[in-house]
Amino acid sequence: MTSQHLLALRICQLEKRPDDIDAAFNTLYKSRLRSKAQFEKKYTRRLMKTSFKPGDLVLIHNSQVEKELDRKSKPRYLGPYEVVCRTQGGSYVLKEMDGTISAQGVAAFRLIPYYAHHLPSSSTTMENSNEESSDDEEIQYDSDDSQ
């Protein structure tokens with residue numbers, strides 16, 4: 001090819017450059033949107049934004065344990081605590097179950113809701129233990145036969 005042909009091809013390439021840049025921008029933008037949608041779909045449970053109302057019970061993630069080597073046997077969450085209020089910055093003021101209000105706020109991402117497990121009432125427990133003891137009385141074991 002002669003230098004004139006090469007120069008003509010280069011001019012054509014330069015003329016197409018804005019179109020190529022626009023096409024690359026659109027492709028990149030669509031790719032980012034797809035990636036964002038895929039991320040939100042995959043981590044939808046982690047991205048749930050829960051806001052706690054005063055009186056709600058919460059657990060605090062014990063992030064200090066994450067840095068330790070023996071974290072396997074340490075508690076991952078502390079609590080339960082009761083929410084007092086939410087500050088303007090988004091952190092929460094908590095109080096312990098005995099009513100002591102914490103001096104520092106806790107970041108919202110460290111909190112998870114606490115669901116209390118209801119234990120059966122004491123009368124139901126007593127009835128169940130009486131039934132079990134009556135069953136145990138009917139079955140008698142011979143200690144001499146087992147040896």
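The following exercises, with worked solutions, concern the sheet, the aromatic pairs and the cysteines of this structure.

The structure is a predicted model, in which local features need pLDDT of at least 70, side-chain atom pairs count only at pLDDT 80 or more, and totals for chains, interfaces and linings use all residues. Residues are numbered from 1 along each chain as its sequence is written, and side-chain values use heavy atoms, with hydrogens and water left out.

**Exercise 1. The sheet**

State what the strand order of the open sheet is, and which strands stand at its edges.

Solution. Strands are DSSP runs of E with at least two residues, and helices are runs of H or I with at least four, both numbered from the N terminus. Two strands pair if DSSP finds at least two bridges between them. On this basis four strands form an open sheet in the order β3-β2-β1-β4, with antiparallel pairing. The edges are taken by β3 (92-95) and β4 (111-113); each has a single partner strand, so one side of each is left without a neighbour in the sheet. On average, neighbouring strands of this sheet are turned by 50 degrees against each other, direction ignored; the axes are lines fitted to C-alpha atoms (for helices over the stretch in contact), and angles in general run from 0 to 180 degrees between N-to-C directions.

Next, consider one pairing. Strand β1 (residues 57-61) pairs with strand β2 (residues 77-86) in the antiparallel sense over four bridges. Val58 has Tyr81 in β2 as its bridge partner.

**Exercise 2. Aromatic pairs**

Determine how many aromatic pairs the structure holds, and describe the pair of Phe25 and Tyr29.

Solution. Rings of Phe, Tyr and Trp (its six-membered ring) pair if their centres lie within 6.5 Å; planes under 30 degrees apart count as stacked, over 60 as edge-to-face and the rest as tilted. The structure holds three such pairs. Phe25 and Tyr29 are stacked, at 6.2 Å centre to centre with 15 degrees between the planes. Both residues lie in helix α1 (residues 3-42), four residues apart, about one turn of the helix.

Accessibility is then assigned: buried means under 20% relative accessible area, exposed over 50%, and partly exposed in between (1.4 Å probe, protein chains only). Phe25 is exposed at 54%, and Tyr29 is partly exposed at 47%.

**Exercise 3. Cysteines**

Find how many disulfides are counted, and classify Cys12 and Cys85 by accessibility.

Solution. A disulfide is a pair of cysteine sulfur atoms within 2.5 Å. By this rule the count is zero. Cys12 is partly exposed at 39% relative accessible area, and Cys85 is partly exposed at 33%.
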